[in-house]
Amino acid sequence: MASLVAGRREADPLHRRTAVDIGLPKRVIEIEPASLPVPEPAPILEPSIDPLPEIVPEPEPEPVRVPEPTPR
Amino acid sequence: MKSAVSVVHGLPVEVEVEPILAWRSWTLTGRRDGEGLLLRPVTAGSRAWRPREIAHATCRLAWSHEAPNADCSCGLHATREIDLLRRTRCPAVLGRVALWGRVIEHEHGYRARFAYPQRLRLICQFCFWQGSAASAKPDVVSWYARDLLVPMCVHHLGVAEANGMRPRRILPAGLVDLRLRETYAVDALVI
């Protein structure tokens, strides 16, 4: 069983036992890509229907004033 | 476009604008229903490669330098040839990765500061060890403790069960492979 390890760490006994040697370093490359090869973050899905309208309670009807009976 | 600009630790430095494409393998974890998939380096303790996020190299051995460092083994590793990955520990996923930032080119691979997978494919690690990536197509994905997912062909599932590696759940490989590509928003790797 092995893991990837660069050639310069071959002297480490632990790494020597588990290493897949990618060999000695040859050169350094500084890469600045024009566009990053990474997908955009997943979109946050908006609800597809309008939110329900807020329910406003109807005002209570004014109390009906009953005229007082007039004495005959 | 490239040009030699300087020398670092005795190595020539060149500047380029196109990311390097190289080979890499990972282990895979996920929930028992095949959701929550996460690519993890084959080396224990290394940070997972999160979906839709740039993998960023750090060095555990020396806080004094940025990874990759020419005098260290740090950085995000990838190989030039696919066959070298047959020696890696428990590979579950094989892929092509884009490497950029500072990249140290080695004889057989690379160490990079930034990376992200471009194409992914599940593999039966036992077939991969014995043969080639092309013949390592899995039929199922076995779910084990600690959310470890192990793609296998039917033959090696039988071998695993006969040797006491009975999975807690078995998922269809095609479904997990599709979910993996959807999760990381990458294309299928065709070998």
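Here are some short exercises on chain B and its partner, chain A, in a predicted model.

**Exercise 1. Work out what chain B is built from and how its residues reach each other.**

Step 1: Count the elements. You should find three helices and 12 strands in chain B.

Step 2: Look at contacts between residues at least 6 apart in sequence. In chain B, 62% of these join residues at least 24 apart.

**Exercise 2. Find out why the spread of chain B agrees with a compact globule.**

Step 1: Start from the length. For 191 residues, a compact globule would have a radius of gyration near 16 Å.

Step 2: Set that beside the model. Chain B has 18 Å, which agrees with the globule value.

Step 3: Now box it in. Along the principal axes, the C-alpha atoms of chain B fill roughly 55 × 30 × 30 Å.

**Exercise 3. Describe the inside and the surface of chain B.**

Step 1: Take burial, with the cut-off at under 20% relative accessible area. By that test, 51% of the 191 residues of chain B are buried.

Step 2: Turn to the outside. Chain B exposes about 9100 Å², and 51% of that comes from carbon and sulfur atoms.

Step 3: Tally the charges. There are 26 positive and 18 negative side chains in chain B, with the centres of the two sets 6 Å apart.

**Exercise 4. Describe where chain A meets chain B.**

Step 1: Count who touches whom. On chain A, 31 residues are in contact with 47 residues of chain B.

Step 2: Add the area. The two chains, A and B, bury about 3700 Å² between them, with 62% of it on carbon and sulfur atoms.

Step 3: Pick out the top trio. A:Arg27, A:Val28 and A:Ile31 supply 20% of the area that chain A buries against chain B, more than any other three residues.

Conventions:
Residues numbered from 1 in each chain as written. Chains lettered and ligands numbered in written order. Predicted model: local features only at pLDDT ≥ 70, side-chain atom pairs only at ≥ 80, totals over all residues. Heavy atoms only, no water. Helix = DSSP H or I, 4+ residues; strand = E, 2+ residues; numbered from the N terminus. Rg over C-alpha atoms; globule rule 2.2 N^0.38 Å. Buried < 20%, exposed > 50% of the residue type's maximum accessible area, 1.4 Å probe, protein only. Contact = heavy atoms within 4.5 Å. Areas by Shrake-Rupley, 256 points an atom, 1.4 Å probe, with all protein chains shown as cover. Lys, Arg positive; Asp, Glu negative; His and termini not counted. Charge placed at Lys NZ, Arg CZ, Asp CG, Glu CD. Buried area = accessible area lost by both parts, 1.4 Å probe.
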